[in-house]
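This report goes through a protein model from its core outward to two loop residues. The sequence and structure come before the discussion.

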Amino acid sequence: MNDDEFQAADELWDLRLYVAGQTAKSLAALANLKKVCEDYLPGKYKIEVVDLLENPQLARGDQIVAIPTLVRKLPAPIRKIVGDLSRTERVLVGLQLRAARTVQETR
């Protein structure tokens, strides 16, 4: 693990992925999320998939306005990432598994 990466907490990461049916974006988001979790949180995560076509009322609780949306419930604070989660670096930063790099650091 590099210096710019955060250590994953020993506690269980509680992740909720909001989707709308079995669309290509929804399936890609789930596959991308599983890959990130296996690579960076092996054995320390729980993924709950919420299909808003089946349970639209559940969107209100986490204030979901776009799908797919990933919500990190634990560890606190709650974090949200919208999209198919294909940009791994963005997902890692969004979940706070990796520190954001500044423009100068990447040059």
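## Core and fold

In this predicted model, L95 touches W13, L15, L70, R72 and I81, when residues up to four places away in sequence are not counted. L95 also belongs to the largest nonpolar core, which has 16 residues; L17, L33, L70, L85 and L95 are the members that touch the most others. At least two residues of this core come from each of β1, α1 and α3 (88-94). Another core lies apart from it and has six residues, including Y18, V50, A59 and I64. In soluble globular proteins, nonpolar side chains tend to be buried together.

The protein chain contains four helices and four strands. Along the sequence they follow the pattern β-α-β-α-β-β-α-α. Strands β1 (residues 13-19) and β2 (residues 45-51) run parallel and are joined by seven bridges. Within this pairing, Y18 stands opposite V50 in β2; Y18 and V50 are both among the residues of the six-residue core. Together with helix α1 (residues 24-40), β1 and β2 form a β-α-β unit that is right-handed.

Over the protein chain as a whole, 35% of the 107 residues count as buried. Among contacts with a separation of 6 or more, 63% are between residues 24 or more positions apart. The accessible surface comes to about 6600 Å², and carbon and sulfur atoms account for 51% of that area.

## Two loop residues

Two residues in loops are set side by side below.

| Residue | Loop | Relative accessible area |
|---|---|---|
| D62 | between α2 (58-61) and β3 (69-74) | 7%, buried |
| E54 | between β2 and α2 | 61%, exposed |

Why does D62 count as buried? Its relative accessible area is 7%, and D62 is therefore classed as buried, the cut-off being under 20%. Leaving aside neighbours within four places in sequence, the residues in contact with D62 are R16, Y18, V71, K73 and K80. One of these contacts, Y18, is also a member of the six-residue core.

E54 counts as exposed because its relative accessibility is 61%, and exposed means over 50%. Which distance separates the C-alpha atoms of E54 and V19? The two C-alpha atoms are 10.0 Å apart, while the residues lie 35 positions from each other along the chain.

Methods:
Residues are numbered from 1 along each chain as its sequence is written. This is a predicted model: local features need pLDDT of at least 70, side-chain atom pairs count only at pLDDT 80 or more; totals for chains, interfaces and linings use all residues. Side-chain values use heavy atoms; hydrogens and water are left out. Buried means under 20% relative accessible area, exposed over 50%, partly exposed in between (1.4 Å probe, protein chains only). Contact means heavy atoms within 4.5 Å. Two strands pair if DSSP finds at least two bridges between them. A crossover is right-handed if, with the strands pointing away from the viewer, the path from the first strand over the helix to the second runs clockwise. A nonpolar core is a set of buried Ala, Val, Leu, Ile, Met, Phe, Trp, Tyr and Cys residues joined through side-chain atoms within 4.5 Å. Accessible areas come from the Shrake-Rupley method with a 1.4 Å probe; for residues, only the protein chains shown count as cover.
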